[in-house]
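Trainee: I would like a close look at a single part of this protein, and at how that part sits among its surroundings. Could you walk me through it slowly?

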Amino acid sequence: MSNRKKPTAVVVDPNQSFLKINEVAALCRVSVSCVRAWRFARKIPFVQLNGKNLLSRRTDVDAFIERNTVPAKQVRA
């Protein structure tokens, strides 16, 4: 028998201005550890409150996604 928690679905409100790490991970469809690695490498901006709470602005996450979007290849007719 495993003591692991089952992952819960994270719903991200599009009008929310700040996101928690699990919300960023859900939005990008990656693991929380991946978002931590991005933050450590300073690939994605974050706000540090009280030296403890790390939040990401929704606009920063959207800009990060846009910067890392690879355009589709155009097909010749």
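**A close look at the last helix and its surroundings**

Mentor: Happy to. Let us start from one residue, Val 61: apart from its neighbours within four places in sequence, Val 61 is in contact with Leu 19, Val 24, Leu 27, Cys 28, Ile 44 and Ser 56. Please keep in mind that this is a predicted model. The average pLDDT of the protein chain is 86, and 82% of the residues score at least 70. Among the elements, α2 has the highest mean pLDDT, 96, and β2 the lowest, 87.

To place Val 61, it helps to have the whole chain in view. There are three helices and three strands, and from the N terminus on they follow the order β-α-α-β-β-α. Of the 77 residues, 22% count as buried.

Val 61 is one of the buried residues of α3, together with Arg 58 and Phe 64. Looking down the axis of α3, you find these buried residues within an arc of 120°, so they line one face of the helix. The face turned away from that buried side carries Thr 59, Glu 66 and Arg 67, which are exposed. As for what covers the buried residues of α3, the list includes β1, α1, α2 and β3.

Val 61 and Phe 64 also belong to the largest nonpolar core, which has 10 residues; the others are Leu 19, Ile 21, Val 24, Ala 25, Cys 28, Val 35, Trp 38 and Ile 44. The elements that give two or more residues to this core are α1 (21-28), α2 and α3 (58-67). With four residues, α1 gives the most. As general background, nonpolar side chains in soluble globular proteins tend to be buried together. Go back now to the contacts of Val 61, and you will recognise core members among them, including Leu 19, Val 24, Cys 28 and Ile 44.

Next, the helix α2, which also covers the buried side of α3. In α2, the buried residues are Val 35, Trp 38 and Arg 39. They cover an arc of only 100° around the axis, which puts them on the same side of α2. These buried residues pack against α1, β3 (53-57) and α3. On the face turned away from them, α2 carries the exposed residues Arg 36 and Phe 40. Just after α2 comes Arg 42, with a positive phi of about 60°.

If you follow the chain on from there, you reach Pro 45, in the loop between α2 (32-40) and β2 (47-49). Is Pro 45 buried or exposed? The answer lies in between: Pro 45 is partly exposed, because its relative accessible area is 33%, and buried would need under 20% while exposed would need over 50%. Leaving aside neighbours within four places in sequence, Pro 45 is in contact with Ser 56, Asp 60 and Arg 67. Its C-alpha atom is separated by 7.8 Å from that of Val 61, although the two residues are 16 apart along the chain.

That leaves the sheet. Three strands form an open sheet in the order β1-β3-β2, with antiparallel pairing. The edges are taken by β1 (18-19) and β2, each with a single partner strand, so one side of each is left without a neighbour in the sheet. Against this sheet packs α3, touching β1 and β3, and the direction of α3 makes about 60° with that of β3.

The pairings can be followed residue by residue. Two bridges join β1 to β3, and here Phe 18 stands opposite Arg 57. On the other pairing, β2 and β3 are joined over three bridges: Val 47 has Leu 55 as its bridge partner, and Leu 49 stands opposite Asn 53. The hairpin of β2 and β3 has three residues between the strands, and in it Asn 50 takes a positive phi near 55°.

So, to come back to where we began: Val 61 is on the buried side of α3, and α3 packs on the sheet by touching β1 and β3. One last number for the chain as a whole: among contacts between residues at least 6 apart in sequence, 39% join residues at least 24 apart.

How values were computed
Residues are numbered from 1 along each chain as its sequence is written. This is a predicted model: local features need pLDDT of at least 70, side-chain atom pairs count only at pLDDT 80 or more; totals for chains, interfaces and linings use all residues. Side-chain values use heavy atoms; hydrogens and water are left out. Buried means under 20% relative accessible area, exposed over 50%, partly exposed in between (1.4 Å probe, protein chains only). Contact means heavy atoms within 4.5 Å. A nonpolar core is a set of buried Ala, Val, Leu, Ile, Met, Phe, Trp, Tyr and Cys residues joined through side-chain atoms within 4.5 Å. The arc is that of the directions from the helix axis to the C-beta atoms. Two strands pair if DSSP finds at least two bridges between them. Axes are lines fitted to C-alpha atoms, for helices over the stretch in contact, and angles run from 0 to 180 degrees between N-to-C directions. pLDDT is the predictor's confidence in each residue, from 0 to 100.
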